[in-house]
Amino acid sequence: VLLLGPTGNMGSRLLPALLAHEHQVVVFVRSESKLKDIFGTVLISKCTIVTGTATDTNAVEKALVDNKCDGLVNSAGLAAIFPWQNPQLQEIEEAIATAAVNAGRKLGHPLRCWFMGGLTVLDYPGMEGVKLST
């Protein structure tokens, strides 16, 4: 299982749960040192670490294919509330979904995917016609 965003609020809870259920976990992080600061070496020694950016479709696809992942869980991305912060969740989810489809083709089977979301992926009143990502 490829886990994107393991250093965030939700991802930091998902990683121990995935390992407790005996999944082989590949973590996809921007900062390996932050990952080690949060979890320490014992937990991290049970994972494969890939460094990259969740908006990089090619890097996510490579991580999936190189590690023969049959699923992914995305908890990367800030569910920013417009206009106070610049949301990237839509861009991240598009890149990861594209990578999952491409990797599935290369691996010869579709991948199981779980996407954690927030307000930036929803339509809500008063925001008709407003593009939330740049």
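**Exercise 1. An unusual backbone angle**

Is Lys68 buried or exposed, and what is the sign of its phi?

*Solution.* Keep in mind that you are working with a predicted model.
- Step 1: The relative accessible area of Lys68 is 66%. Exposed means over 50%, so Lys68 counts as exposed.
- Step 2: Lys68 sits in the loop between helix 3 and strand 4.
- Step 3: Its phi is near 50°, which is positive, although Lys68 is not a glycine. Most residues other than glycine have a negative phi.
- Step 4: Now try the steps on Glu22, which lies in the loop between helix 1 (11–20) and strand 2 (25–29). Its phi is near 65°, also a positive value in a residue other than glycine. With a relative accessible area of 73%, Glu22 is exposed.

**Exercise 2. The overall plan**

How many helices and strands does the protein have, and what pattern do they follow along the sequence?

*Solution.*
- Step 1: Counting the elements gives 4 helices and 5 strands.
- Step 2: Walking along the sequence, you read β-α-β-α-β-α-β-α-β.
- Step 3: The protein has 134 residues, and 38% of them are buried.
- Step 4: Take the contacts between residues at least 6 apart in sequence: 63% of these join residues at least 24 apart.

**Exercise 3. The two sides of helix 4**

Which residues of helix 4 are buried, and which exposed residues lie on the face turned away from them?

*Solution.*
- Step 1: Find helix 4 at residues 89–107; this helix has 19 residues and spans 26 Å from its first C-alpha to its last, close to the expected 27 Å.
- Step 2: Its buried residues are Leu89, Ile92, Glu93, Ala95, Ile96, Ala99, Ala100, Ala103 and Gly104. These residues lie on the same side of helix 4, because they cover an arc of only 165° around the axis.
- Step 3: On the face turned away from the buried side, you find the exposed residues Glu94 and Arg105.
- Step 4: Ask what does the covering: it includes strand 1 (2–4), helix 3 (57–66), strand 4 (71–74) and strand 5 (112–115).
- Step 5: Look just past the end of helix 4, where Gly108 has a positive phi of about 85°.

**Exercise 4. A glutamate in helix 3**

Which side chains make polar contacts with the side chain of Glu61?

*Solution.*
- Step 1: Glu61 belongs to helix 3. Its relative accessible area is 8%, and buried means under 20%, so Glu61 is buried.
- Step 2: Setting aside neighbours within four places in sequence, the contacts of Glu61 are Ala99, Asn102, Ala103 and Lys106.
- Step 3: The side chain of Glu61 makes a polar contact with that of Asn102, at 3.3 Å, and another with that of Lys106, at 2.6 Å.
- Step 4: Glu61 and Lys106 are 45 residues apart in sequence, yet their C-alpha atoms are 9.5 Å apart in space.

**Exercise 5. The nonpolar cores**

Which element gives the most residues to the largest nonpolar core?

*Solution.*
- Step 1: This core has 18 residues; Leu2, Leu4, Phe28, Val60, Leu64, Leu72 and Ile96 touch the most other members.
- Step 2: Strand 1, strand 2, helix 3 and helix 4 each give two or more residues to this core.
- Step 3: Helix 4 gives the most, with 5 residues.
- Step 4: Zoom in on Leu4: beyond four places in sequence, its contacts include Phe28, Val60, Leu72 and Ile96.
- Step 5: A separate core of 13 residues has among its members Leu15, Leu18, Val25 and Phe39.

Technical notes. Residues are numbered from 1 along each chain as its sequence is written. This is a predicted model: local features need pLDDT of at least 70, side-chain atom pairs count only at pLDDT 80 or more; totals for chains, interfaces and linings use all residues. Side-chain values use heavy atoms; hydrogens and water are left out. The expected span of a helix is 1.5 Å times one less than its number of residues. Buried means under 20% relative accessible area, exposed over 50%, partly exposed in between (1.4 Å probe, protein chains only). The arc is that of the directions from the helix axis to the C-beta atoms. Contact means heavy atoms within 4.5 Å. A polar contact is a pair of N or O atoms within 3.5 Å; within protein, one must be able to donate a hydrogen and the other to accept it, and residues adjacent in sequence count only if both atoms are side-chain atoms. A nonpolar core is a set of buried Ala, Val, Leu, Ile, Met, Phe, Trp, Tyr and Cys residues joined through side-chain atoms within 4.5 Å.
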